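Biologist: Could you walk me through reading a fold, one feature at a time?
Modeller: Sure, pull it up and we'll start with a helix pair.

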Amino acid sequence: MKKLIIGILFLSFILTGCDYSREEDRTGIFYHVFVQPIDQLIHALGHLFNEQYGLAIIIMVLLVRFILLPFMLIQTKNMHITREKTKVVQPELDQMHQKLKETKTPEERQQANRALTETYSKYGISPWKGLVGCLPILIQIPIILGLVAALRYPSEGGIIEHPHFLWFNLMEPDLAITVIAAVMYFIQPLVNAMHYPKSQRSTYYFMMVASPIFISFAALHSTSALGLYWTFSGLFLIIQMHFAHSHYHKVAVKEAQQLRENHQIQLSDDEATSNS
């Protein structure tokens, strides 16, 4: 996961250098699929809110976050349920993993893998469900890069003619909103990390450092509009993840308790059968 994030940040640094300042350069799949539609959306929302383009960017945050919300909630739910259920059947899983290590032939390994997969399935545990957590990151990449390009090279009118919002100019870098955005993305991984075991927090600790650095670099070398986007995006994530973790932890504990009771009944039945 950490390598994926590093790769994404590196790719983002490269792609944020795309130059669409000249009309003849505004071509290609990426420009027409992402940059141009985002530019048009900013214009449309700005007109809708009486040329308040700061509000338009905040609405864009909400649109993106609500699109990604189902994926984030699924990932959070799967993480808690998998973790709590695994605690219940950990001794059985440890035995099966040990058998897998002791296999000597490909046939034995295949059989042991099949038995392990069936055991996970029997208890409703899937180690692969966590991969859905990568989807929000992957979906956001072209959106963020398109937003950066649209804000650096906007079409005529709109945000260029009405750039002022709160205390800053949306089309120029602003240190204050950049610092606020960086702080938000320092807190957001911290909120996530609190709900993971210490052994699984390294990625989030890495993000607590990498995200603010990337955001600060991008916002100070682009426009304060990007800092505004990240400020409200980070705030939304902090609130969302706090409540999602709190809710799904309770759901997972309840499901794990039910599994524990069923598991104990099954073990008792197996013991009675073997004794008879």
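Biologist: Which residues in helix 3 meet helix 4?
Modeller: Keep in mind that this is a predicted model. A contact here is a pair of residues with heavy atoms within 4.5 Å. On the helix 3 side you get Glu-92, Leu-93, Met-96, His-97 and Leu-100. Their partners in helix 4 are Arg-109, Ala-112, Asn-113, Ala-115, Leu-116, Thr-119, Tyr-120 and Lys-122. Sorted by class, the contact of helix 3 with helix 4 has seven nonpolar residues, plus three polar and three charged.

Biologist: And at what angle do helix 3 and helix 4 pack?
Modeller: About 165°, and their axes are 9 Å apart. Helix 3 covers residues 53-101, while helix 4 covers residues 106-122. Since an angle over 145 degrees counts as roughly antiparallel, that is the label for helix 3 against helix 4. As for handedness, the crossing of helix 3 and helix 4 is left-handed.

Biologist: What about helix 2 and helix 3: at what angle do they cross?
Modeller: Roughly 120°, with the axes coming within 8 Å. Helix 2 is residues 29-48. The perpendicular range is 65 to 115 degrees and antiparallel needs over 145, so helix 2 and helix 3 end up oblique to each other. Helix 2 passes helix 3 in a right-handed crossing.

Biologist: Which residues make that contact between helix 2 and helix 3?
Modeller: From helix 2 come Ile-38, Leu-41, Ile-42, His-43, Leu-45, Gly-46 and His-47. They meet Tyr-53, Ala-56, Ile-59, Met-60 and Leu-63 in helix 3. By class you have nine nonpolar and three polar residues in the contact of helix 2 with helix 3, and no charged ones.

Biologist: How do I read backbone torsions in a loop?
Modeller: Start with the sign of phi. Most residues other than glycine have a negative phi. That makes a positive value worth a look. Asn-50, in the loop between helix 2 and helix 3, has a positive phi near 55°. Glu-51 is found in that loop too, and its phi is positive as well, at about 65°.

Biologist: Are Asn-50 and Glu-51 buried or exposed?
Modeller: Go by relative accessible area: under 20% is buried, over 50% is exposed, and the rest is partly exposed. Asn-50 sits at 64%, so call it exposed. Glu-51 has 21%, so it counts as partly exposed.

Biologist: Where does Asn-78 fit on that scale, buried or exposed?
Modeller: Asn-78 is buried, because its relative accessible area is 14%. You'll find Asn-78 in helix 3. Try checking its distance to Ile-125: the two are 47 residues apart along the chain, and their C-alpha atoms are separated by 8.7 Å.

Biologist: Now zoom out for me. How many helices and strands does the chain have?
Modeller: Eight helices and two strands. To read the layout, go from the N terminus and write one letter per element: α-α-α-α-α-β-β-α-α-α.

Biologist: And how do I summarise contacts and surface for the whole chain?
Modeller: For contacts, look at sequence separation. Among those between residues at least 6 apart in the chain, 76% join residues at least 24 apart. For burial, 45% of the 276 residues are buried. The accessible surface comes to about 15400 Å², and carbon and sulfur atoms account for 63% of it.

Terms used:
Residues are numbered from 1 along each chain as its sequence is written. This is a predicted model: local features need pLDDT of at least 70, side-chain atom pairs count only at pLDDT 80 or more; totals for chains, interfaces and linings use all residues. Side-chain values use heavy atoms; hydrogens and water are left out. Axes are lines fitted to C-alpha atoms, for helices over the stretch in contact, and angles run from 0 to 180 degrees between N-to-C directions. Helices (H or I, at least four residues) and strands (E, at least two) are DSSP runs, numbered from the N terminus. Angles under 35 degrees count as roughly parallel, over 145 as roughly antiparallel, 65 to 115 as roughly perpendicular and the rest as oblique. A crossing is left-handed if the near helix is turned anticlockwise from the far one by less than a right angle, and right-handed if clockwise. Ala, Val, Leu, Ile, Met, Phe, Trp, Tyr, Cys and Pro count as nonpolar, Asp, Glu, Lys and Arg as charged, and the others, Gly among them, as polar. Buried means under 20% relative accessible area, exposed over 50%, partly exposed in between (1.4 Å probe, protein chains only). Accessible areas come from the Shrake-Rupley method with a 1.4 Å probe; for residues, only the protein chains shown count as cover.
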